[in-house]
Amino acid sequence: MKRIAVLTSGGDAPGMNACIRSVVLTALHFGYQVYGFRHGYNGLVDNEIELLTMQQVRHIIQKGGTLLKSARCSKFKTESGIKLAAKHLDAAEIDALIVIGGDGSLRGMMHLSKYWQGQLIGIPGTIDNDLSGSDNTIGFQTATETVIDAIDKLRDTADAFERIFMVEVMGRDAGFIALSSGIASGAEQIIYPEGLKDIHQELDCIIQHVESARKLHGRSSYIIVISENLWPGGAYDLSQVLTEQIGIECRPVILGHIQRGGCPNGFDRILATKLGVFAVEAIKNGHSLMMVGEISNELTLTAISDCVNNKKPVDKKLSDIQAKVFDSVEILSNCT
Ligand code: ADP
């Protein structure tokens, strides 16, 4: 009988619980024993292991967060830490490990493969959607809906006071959340890494967008969605620069960790369930060092190295749309 283990690592994402449930139920279906390591890779290093049962995963499909907890683990990046992790996996006679996490967590699997001989299967779980090998990562769609909901609320108050808001969203180094939520909320401007060459050089352009909209519509609400990590000091500092240069107050809103929380939406629950089943099947079929994903509605297996080393592009159709639906199109096209 195979013994498989599962853990959730790195930034938590809505749908991780749905995925754990799917892994556990599928493993039990095939007659495997299934274990959970708690707190991401810390669980491997510190040997925090528990047997998972059908009972434990009942009624968690709709819950945000992760039953197994998640964490970052600096020890796992050291040789002594990873050797300890491999030792604990061997001591528990684990044949295969499933890691649900983002880019860093998958890099960790590649690192572990040098010290541990068992099968390794990754499942993309991150709100950032920045992994090649799957159109969507678990959590991305829910996080995007959370952002849209927040911006809709901001729009009401922005309209009432004819204010300019700069809304900073997550995404690490990728603009998936910014682009999708910005388009869906009708933001006047979306600033995201893939759409920029150098934000410092394009600052005039960003300012011109705001000024041209004010010329076109007079005093009116104006919402800028901006990805995190684009400006030193983030939206707090950049909105201050805009306030000084435009002469109209620009208010920052940092959505922060609310983007990671909440119940997964239907899309993420279904994706998590499909990928959980497929990951256990991949183990049954003898695969290793692969990530499960879904591309154009087909379940896929992609080498983990390709998933983390190939930068996933944002949807070109979406970036093209952005230029067309913005009110001050002339300014935009002059600038970009
Ligand atoms: P995410 O998986 O959400 O991208 P992180 O980038 O923080 O989150 O990575 C999660 C964990 O994966 C890290 O805390 C570390 O334990 C492990 N990890 C990340 N990169 C590596 C690496 N190059 N080698 C070994 N472990 C890594």
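Colleague: How far apart are the end C-alpha atoms of residues 3-283?

Modeller: They lie 11 Å apart in this predicted model. The span is 42% helix and 16% strand.

Colleague: And which feature does UniProt place at residues 3-283?

Modeller: The UniProt record, an unreviewed entry, lists "domain: Phosphofructokinase" there.

Colleague: Okay, on to the ligand. How many residues surround the ligand, and which are the closest?

Modeller: The ligand has 17 residues around it. The closest are Gly-10, Arg-72, Gly-102, Gly-104 and Gly-108.

Colleague: Which helix gives the largest share of that shell?

Modeller: That would be helix 4, residues 103-112, with six residues.

Colleague: How do the shell residues divide into nonpolar, polar and charged?

Modeller: Ten are polar, four are charged and three are nonpolar.

Colleague: Let's go to the inside of the protein. Which residues touch the most other members of the largest nonpolar core?

Modeller: Ile-98, Val-167 and Ala-279 do, in a core of 92 residues. Helix 9, which covers residues 266-284, gives the most to this core, with eight residues. As a general background point, nonpolar side chains tend to be buried together in soluble globular proteins.

Colleague: Pick Val-167 for me. Which residues does Val-167 touch?

Modeller: Leaving out residues up to four places away in sequence, Val-167 touches Ile-151, Leu-154, Val-253 and Leu-255, plus the run Ile-223, Ile-224, Val-225 and Ile-226.

Colleague: Nice. Switching to the backbone: what is the phi of His-39?

Modeller: Phi of His-39 is near 60°, so a positive value in a residue other than glycine. Most residues other than glycine have a negative phi. His-39 is found in the loop between strand 2 (33-37) and helix 2 (41-45).

Colleague: Is His-39 buried or exposed?

Modeller: His-39 counts as buried, because it has 20 C-beta neighbours inside 10 Å.

Colleague: What about Ser-296, what is its phi and where is it found?

Modeller: Ser-296 has a positive phi of about 50°, although it is not a glycine. Ser-296 is in the loop between strand 10 (290-295) and strand 11 (298-303). With 6 C-beta neighbours inside 10 Å, Ser-296 counts as exposed.

Colleague: Last topic, confidence. What pLDDT does the protein chain average?

Modeller: The average is 94, and 97% of the residues score at least 70. For the complex, the predictor gives an ipTM of 0.99 and a pTM of 0.96.

Colleague: Where does pLDDT stay under 50?

Modeller: Over residues 328-334, for which the model has twelve contacts beyond four places in sequence.

Terms used: Residues numbered from 1 in each chain as written. Predicted model: local features only at pLDDT ≥ 70, side-chain atom pairs only at ≥ 80, totals over all residues. Core = buried A, V, L, I, M, F, W, Y, C linked by C-beta atoms within 7 Å. Buried ≥ 20, exposed ≤ 12 C-beta atoms within 10 Å, placed from the backbone. Helix = DSSP H or I, 4+ residues; strand = E, 2+ residues; numbered from the N terminus. Contact = placed C-beta atoms within 7 Å. Near = placed C-beta within 6 Å. Nonpolar A, V, L, I, M, F, W, Y, C, P; charged D, E, K, R; others polar. UniProt positions renumbered as here; feature names shortened; annotations may be inferred. pLDDT = per-residue confidence, 0-100.
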